[in-house]
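Work through the exercises below with the model open. Each task is followed by a stepwise solution.

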Amino acid sequence: MSLINGVSTEMSSDSDQVVPEASDSYVSTPYIDAIVERALMYLHSGYPVHIAGPSGTGKTTLAFHLAALWGQPVTLIHGNAEFDTSDLIGSDNSGFNRSKLVDNYIHSVVKTQEEMRKVWVDNRLTTACRNGDTLVYDEFNRSRPETNNVLLSILSEGILNLPGLRSTGEGYLTVNPNFRAIFTSNPEEYAGTHKTQDALMDRLITLRLDHPDRNTELKVICAKSGLEEKEAMYIVDTVRELRSYHDHQVRPSLRAGIAIARILHQAGHKPRSGDHFFHHVCYDVLSMETAKIQHENCSVFNKMVDQIITQVCPPLSVRTNRSKQGGTSSTKKTLTTQVKKVMGDS
């Protein structure tokens, strides 16, 4: 038993298949419940669901949660630019068969036969279509559009074309009626993504996710970090305030808020203005946005973070400040180690 994004999963005898189970640790809010309700209705109606949105908005978590609620075994595929059609449906593999026949009456008579022949081996998409599994195709737009063309007939006609089996009369597979598909994708401007063909998008019902509302973000960060809600609130407000700056050029994700909260919880610190550790954790975790905010070719990101923390978070008390900041040199020495450990556990 393991956890995938807060959803309990159990590996089946087929290593490509998982059996998800709804987990009590999955955060439920009105915002999430409304999305889940619509998505399940689309699946019940026989339509594939496409969860689209920027990184860190919980797309994969939601996909596994939906699959767990649907209750069927899951076949998982991660989009890959190196994929071709055979990586999805399967291919002909050359097989070598050798047999030996011993005569029961004349023991000295031994006949050996050798044969080379091609054997079709199903890949994950074909297996899911045969068995009626739930396909979770994560970041499917990282695969090339021509690779995903095989999905068109599956999603519209319920037929999978298998050219390698035409010689045996099995060139077309009727898709199991229990088969369902859940797709996730990142925006097209992200590195490594491809523009999806209109014909495929027309077959999907797309749920577009953005950063969640404040209540959902707060509950998720508390659940994932162990930080108290009153403390997590300051982190949520800091991250959300940063998102609102500079016409949405800065978009730190929910994942960043979780990381900051987990690091503070493990280090025994609180989100306080003037706590050097907290300030530097925010710089480090959110540093991917640094280059986007510049003045005269110099980054002003750290100053902006400091300003927001001062506005949002309560100040560090004088007594606490002296005790914690008196050991500034040791804090600097251990900061990198603590950050790497927590981020590695995420």
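**Exercise 1.** What volume does the second largest pocket have? Then describe its lining.

Solution. This is a predicted model.
- Step 1: the volume of the second largest pocket is about 220 Å³.
- Step 2: 14 residues line this pocket, and His50, Ala52, Ser185, Glu188 and Arg208 are the closest to its centre.
- Step 3: sort the lining by class. Six residues are nonpolar, six are polar and two are charged.

**Exercise 2.** Find which helices supply the largest nonpolar core, then locate the second core.

Solution.
- Step 1: the largest nonpolar core holds 34 residues. Those touching the most other members are Ile221, Ile235, Ile260, Phe278, Cys282, Val285 and Leu286.
- Step 2: at least two core residues come from each of α8 (214-225), α9 (229-243), α10 (254-267), α11 (276-285) and α12 (301-312).
- Step 3: α10 gives the largest share, eight residues.
- Step 4: take Ile260. Beyond neighbours within four places in sequence, Ile260 contacts Ile235, Phe278, Val281, Cys282, Val285 and Leu286.
- Step 5: a separate second core has 24 residues, including Phe83, Val150, Ile154 and Phe179.

**Exercise 3.** Is Thr147 buried or exposed? Place its side chain among its contacts.

Solution.
- Step 1: Thr147 sits in helix α5 (residues 145-148).
- Step 2: its relative accessible area is 2%. The cut-off for buried is under 20%, so Thr147 is buried.
- Step 3: setting aside residues up to four places away in sequence, Thr147 touches Phe83, Asp84, Thr85 and Leu88.
- Step 4: a polar atom of the Thr147 side chain lies 2.9 Å from the backbone oxygen of Phe83.

Terms used:
Residues numbered from 1 in each chain as written. Predicted model: local features only at pLDDT ≥ 70, side-chain atom pairs only at ≥ 80, totals over all residues. Heavy atoms only, no water. Core = buried A, V, L, I, M, F, W, Y, C linked by side-chain atoms within 4.5 Å. Buried < 20%, exposed > 50% of the residue type's maximum accessible area, 1.4 Å probe, protein only. Helix = DSSP H or I, 4+ residues; strand = E, 2+ residues; numbered from the N terminus. Contact = heavy atoms within 4.5 Å. 1 Å grid on protein atoms, 1.4 Å probe; cavity = no way out; pocket = protein on both sides within 12 Å on 5 of 7 lines; lining within 4 Å. Points joined across faces, edges and corners; volume = space filled by probe spheres on them. Nonpolar A, V, L, I, M, F, W, Y, C, P; charged D, E, K, R; others polar. Polar contact = N/O pair within 3.5 Å; in protein donor to acceptor, adjacent residues only side chain to side chain.
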